[in-house]
Each structure stands twice: as structure tokens, then as C-alpha cells.
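Open your viewer, load the model and keep the selection box handy. We'll walk from stop to stop, and at each one you'll pick a few residues and look around.

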Amino acid sequence: MAAPSAEQQNGQSDESDLQSPISTNDEDSETGLGDGALPVYLVDLIEKEIGVDLKSLKKVSALLEKLTAENKLLEEQVLTVSSSVPLRVSAALSAAEESRVSLEGLLQRERVLSNTLIQHLQGAQPWADSLGRTLEQLDNTEKHMKYLQCLSRIEELSDFEELLIQLHWPFISPPTQSLSPPANAQELHSQLELLVAQLLSLQTSDDLISETSVSRVGLPPTTPLSLPVQIMLLPLSKRFRYHFTGNRQTNSLNKPEWFLTQVLMWMGNSSNFMEEKIQPILDRNGANVNAKVELCRGLLTLAQEKLALDAPRLLYDDSLFCHLVDEILQFERELRTTHSYPSTLPGVLHVLLEEVVLQKWLTVERKMAIEKVDAMLSAEGAWSSQYKDISDMDELKAPDCAETFMTLLLVITDRYRALPCPRAQLRFLALQRELVDDFRIRLTQVMKEESRNPLGSRYCAILNAANYISTVLGDWGDNVFFLQLQQSAVALGEEELLGPLGVTESGRLASLEGSLFEGLLGLLERLRGDMLGRLLEAVMRDVQKKAQPYCRDRWLSLPSQCDQATMSLSSLACPLMLCLRDHLLQLQQMLCLPLFQMGWQDLAERLDLFLYQNVILYNHFNEGGAAQLQFDMTRNLFPLFGHYCKRPENFFKHVKEACVILCLNVGSALLLRDVLRQQPSPTSALNELGVYRLAPCDVLILLNLRASWPGK
């Protein structure tokens, strides 16, 4: 093979020179640069535009021109862009500022919307809670409906009602002993026990009991009736609604006793059957219920619903309303006594505790009581006692008006005593106190009209009336019922009834030391004291008038006792004694015994002071005068009061002790005078003579009234 020429060698050398910088190793191809190598993109451009063939180098000048032109064009574009950039940047910044402001507005509106939404959610929360409770109630109602549907289906499948019909249930009339038991009595009893046991096993759960135990007439929660009793009540309930609802003649508002009596009759007619047939089955199946009480509860529900419906319709007719109240109270008494219904279970009195009904009852009681008081005070025999001819029964000598009034209050007490609410009872007690105070004011008014004749029969009758009412209220203050009301009033803080009390007064009432009637008793006591004082003043005026001649008698010149065959009552004392005797007899006849006891004792003390001051201290006495005075007092005056006590002289201590001093013999009188003058405390000497009331100075005055001294 021939060797290459020089030209070929040069050509190969140039080609190798061109190729050498383009060839790159792997590392250079990845980085795009090698040691002294061209950038990859430039190499790629050369290869694309010129190629590796040497013949293509002629394209370099064209490529250069092209690149120069492109470079110039790019420079012009750069200059153009450089001049427009500030304007675009400014526009972009303005647009960005507008966007920021708009964004802040959007954020503000979003916050307002968020707050509004939160407020709406908070406001809607109670509605949501209420809706939740309603949905829960609907859910419970649905459960109950399903339960009742189940019971209805069970009732359809049971032969229990048919069995009751064969047993002649319900007992509309009282069962008679003449009816012979059916031939299949044993079979019927076995079926009865089986069916009752099955029904008891279907009794509602404890949860359902707690949810459905509130009565529809506002009574306290109670457990539902047992299923057998519920079924047994169906025919009775049907009969009750047939007769006592709608347009039936038996459904009469003015005859509540019709349906109340019917309920009581059904209770009585069914009592033996429930106790003898149903109760043993309940006991054997562990049902802790009383069959008779269960039936009564069911029948009471009928009466309660009927009364709750009728009572508001009678609020505008006082007569019918009063009749309804009386029938309800009578029904409650028979229910508790005749039928032994437990006191722990509600009866029908809760109907009367509804506020509108209770307020009406109080209003009617007040109205009727005032009308009766007006009538009794204007009656012809208002101030005479119906027992005036029967001494054993007329100890208090209460006039008819006072006795009728207290009987009226007692009837009111009997009506509200059975109410199961102490607060309602206290409202009636407040009414009674109001009526008592009103009657006291009426007595005061009549007394003022009769004050011109305090010794008249009507004046004394008013005094007896005040004393009678005070005595009865005092007895009521010790009554257990009123003591319980007193404790309830303190516990409930009834300021309207008790008034503003301090700690001490509240403590006294709470410890039963005081009485709810203390205020009234104080007013009545004041009236009684004033009237009795006026009466005794009238007696004393008459007595003093008759005693004037006796006060001016010749006590200093009366004959001595030894000069008289027998001592006799002073002739001047006769009018005084007769007047006193007549007044005592009159007071005894017209005043009740307690008032007469207070009256004669007060009269004795007044007479004692009068005789001491106007007879004894006003005169001087010789021996005969002192003896006559002592005889008149001890043998005539004191015995007048001896009919009413054993030792009447104890009520005339001034007169009695003055007579002792005046009747001392001369020696004893002289000795006593010396003792009184010399001893600082002569009490023992006076006590030895029987002188306890008079002071030593008074005794000296009496001694100076003696005329029989030596040397006189």
C-alpha cells in the first residue's frame, strides 16, 4: 500500500485538528465543558450548520453573518425591552396593590361572614337542642306506640276479657250471695290465674315506667297500673265516659255527686272480688301491689280527669262552685275512711290546689263568711245564749252570734284540714285570722253603742263573746293541727301570716312557745279588759253612791260593844250591802264564770281601797265605832264574797288589817305604837298581829285615828 501524499497528510492533520476539540469523553459530555473544550451547545451548532466535512467550511462566513444579524436583532430587542421594563413593572406593582386591597376587602368580608355565621349557629343552637329533644320524644313516642300496638295485639289474642265476662265482671251493682257459682268455677279460676300471670310478665320495664308515670291532671308521679287491672278497668271506663261525658243528662255540672258517688259504688262493689280473687294471684306471682288499691287508683283517674275538666267551668257560679268543693271534700273523706285508701297516694284534692281554683275557693269562703256574719249579728237572738236555761252547758255564756261565728271558723278548718299542701292550708289560716279580726272590730263597734249602759245584758253579752272567742283561739293554739301549721309557717317563711319577725320571735314560734293567734289574743284581751273595767266602774259608781251615808257615820260616838246586847249590821251599811249583793248576783247571771271570777275579785280589791280610804282614813273611831266597823266588815261584807271563795278576807287586806289595828285594846295599842316609833324594822311585831299589807307608817296613821287613848 502506497504512503499518503503530503497534501493528504496535511488534510488529515487539519481534519484531526478540527475533530479533536469536538471529541469529548463521557465526563465532558455530561457537564458540557472539558478542559479547554467548547460548550456542548456550540459544538452542536457547528455540527448542525457546518458539519465535520472540511468542504463545508465555506459555510462559516454565511453562518457568521447570520449570527451577527441575529445578535444585532437581539441587541435591539434588549434595548427595546430595557426601555419598556419600568412601565411594565410599575403596572405590575399597581396591579399587585389593587389585588392586595381587593384581597384585604375579601378577607374582611370573609371575617364578617364568619362572625355572622357563628352568631347564627349560636342562635340556632337552642333550636337544635329543642329539635333534638323533640326527636328524642318522638323516638320514645314511637317506642310507646309500638309497645301499645303490641299490647293491643296481645289483648286481641287473649281470652282475658271474655273470662271476666264469664265471671260477671264488672260488678255494676252490689254482688248478692244468692247467686250460685258457675259449674266451671274451678276451670275459670285456673284460667284467671294463668292469664293474670301472663299479663304480669308483660308489665312495662322500669325505664318506661319512669317516662310515663306523670298523671295528666298534674298529680305527683305514680307507677302505672298493672296490666290485669288496666284491662279490668276498660268496661268501667267505657261506662263512665258514656254516662258522664257528652250531652247525656247524667253529665250535669250541677250534679258532681252523680259521678263521684258512682265511682265510690264501683269501688265498694269490686272490693271483695279484688281482695279474694285477684290479690292472691298477684301475691303468688311476686307483684308487690294491692289489687283493691290498684283498682281505686284507676277509678280515681276517671274522677280526677272529670273534675279537672269541670272545675274551671264553675268558677263564675259561686253556688255551683261551693257545691263542687263540698262534694269533693265529702268524696275524699269517704275514700280515706270507708275504702281505706292510703294517705300516701293522692286522691282528688289536688284539683282544688290549682291556683285559679284555690283562689276562687278562698274568695268564696271570705264572701260567704262575711255574709253569714252580717246575718247573725242582725238576727233577733244574736246576743242571747241558746243554752241560757241549761246551767251545766252555759258556763261560757257565749251569745249565739259568737258561737255561730266560731262554728263557722271550725267548719272552714274542717274543709281545708285535709289539703295535702301546707302553703295552701296557711292561706286559709290567714283568712280565718282576717275574719276573727273583722269580728272583733264589729264587737268593738257594737260595744261603743252600748257603752252608755255597761250593766245592760247586751254589753255583758259582747263581753262574753270576746271572752269566748279568746278562749277558743287559745285552745286552738295548743291544737296539734295548728301547731303543725305554725311550724310550717316558720319553715316556709310566711311573712304575710307571721309578719316581720325577729330572730327571737321566730325562735319562740319554732319552739312552739308562741302561737299563731298571739296578736289576735292580745287585741281580744285588751277589748275584754277595757269592757270589764268599764263595767266594774259602773258598779263602783253605784256602790259609792250608796256608801256615802256609811262613810259619814258617827264612828267617833257609837256605843261600845259591852253596851249592846247583840251586835247587828249598821243601818247605814244596809243600802251598801244590798246594792253590792244585787250587783254580784247580776254579774254572776250575765257574765260567764271566768269573767265573773275576774270581775268579783277586781271589784273586791276596788271596794277594799274605797272603804279603806273613804271610811277608815276619813274618820276617827272610838271603841264602839271600831267594833261596829269590824262587825260590818267581817260578818256582813266578807260573807257576801264568801259564796265565791273560801277566804274572802284575803281580798280585803287593807280593811281587815285596819280593823285589827283599830280594835286593839289600849295596852296593845300603846305597846305597838312604842315599837313602831323605836324599832327601825317592826315587821315581825306587825306580822304577829296578822298585819302584812300595811306599812308601819300606815299603822301609825291608823293608831292616831283611835279616840280611846289614856288621857283623852
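First, a bit of vocabulary: a residue is buried under 20% relative accessible area, exposed over 50%, and partly exposed in between (1.4 Å probe, protein chains only). You're looking at a predicted model, where local features need pLDDT of at least 70, side-chain atom pairs count only at pLDDT 80 or more, and totals for chains, interfaces and linings use all residues. Residues are numbered from 1 along each chain as its sequence is written, and side-chain values use heavy atoms, with hydrogens and water left out.

**Stop 1: two loop residues**

Select Lys-397. Because its relative accessible area is 22%, Lys-397 counts as partly exposed. You'll find Lys-397 in the loop between α12 and α13 (400-416). Helix names follow DSSP: helices (H or I, at least four residues) and strands (E, at least two) are DSSP runs, numbered from the N terminus. Check the backbone too: phi of Lys-397 is near 50 degrees, a positive value in a residue other than glycine.

Now hop to Ser-340, in the loop between α11 (318-337) and α12 (355-378). Phi of Ser-340 is near 50 degrees, again a positive value in a residue other than glycine. Is Ser-340 buried or exposed? With a relative accessible area of 52%, Ser-340 is exposed.

**Stop 2: inside a helix**

Pick Asn-467, which sits in helix α15 (residues 457-477). Asn-467 has a relative accessible area of 2%, so it is buried. Which residues does Asn-467 contact, leaving aside its neighbours within four places in sequence? Show Leu-396, Arg-528, Cys-592, Pro-594 and Leu-595; contact here means heavy atoms within 4.5 Å.

**Stop 3: aromatic rings**

Rings of Phe, Tyr and Trp (its six-membered ring) pair if their centres lie within 6.5 Å; planes under 30 degrees apart count as stacked, over 60 as edge-to-face and the rest as tilted. A search of the whole structure turns up 20 aromatic pairs. Take the rings of Phe-596 and Tyr-644: their centres are 4.9 Å apart and their planes are at 85 degrees, so this pair is edge-to-face. The two come from distant parts of the chain, 48 residues apart, with Phe-596 in helix α21 (residues 593-616) and Tyr-644 in the loop between α22 (623-642) and α23 (653-662). Both Phe-596 and Tyr-644 are buried.

Next, select Trp-361, Tyr-416, Phe-428, Trp-476, Phe-481, Phe-482 and Phe-517 together, and you'll have one aromatic cluster on screen. Keep Phe-481 highlighted and add Arg-417, which lies over the face of Phe-481 at 4.5 Å from the ring centre. The rule for a charge over a ring is that NZ of Lys or CZ of Arg is within 6 Å of the ring centre and within 35 degrees of the ring normal. For another example, go to Lys-306, which lies over the face of Phe-259, at 5.9 Å from the ring centre.

**Stop 4: salt bridges**

A salt bridge is a side-chain nitrogen of Lys or Arg within 4 Å of a carboxyl oxygen of Asp or Glu. How many salt bridges does this rule give? The count comes to 26.

Start with Glu-305 and Arg-241, whose side chains meet in a salt bridge (3.4 Å, N to O). This pair links distant parts of the chain, 64 residues apart: Glu-305 is in helix α10 (residues 291-310) and Arg-241 in helix α8 (residues 227-244). Glu-305 is partly exposed at 22%, and Arg-241 is partly exposed at 37%.

Move on to Arg-415 and Glu-365, a salt bridge at 2.6 Å, N to O. Arg-415 belongs to helix α13 and Glu-365 to helix α12, 50 residues apart. At 7% relative accessibility, Glu-365 is buried.

Next comes Asp-374 with Arg-442: the closest N and O atoms of this salt bridge are 2.6 Å apart. Asp-374 lies in helix α12 and Arg-442 in helix α14 (residues 422-450), so the pair ties together parts 68 residues apart in sequence. Asp-374 is partly exposed at 35%, whereas Arg-442 is buried at 19%.

Finally, select Glu-97, Arg-100 and Glu-104 to see a network of salt bridges.

**Stop 5: cysteines**

How many disulfides does the structure hold? Zero, where a disulfide is a pair of cysteine sulfur atoms within 2.5 Å. Two cysteines to click on are Cys-421, partly exposed at 25% relative accessibility, and Cys-697, partly exposed at 48%.
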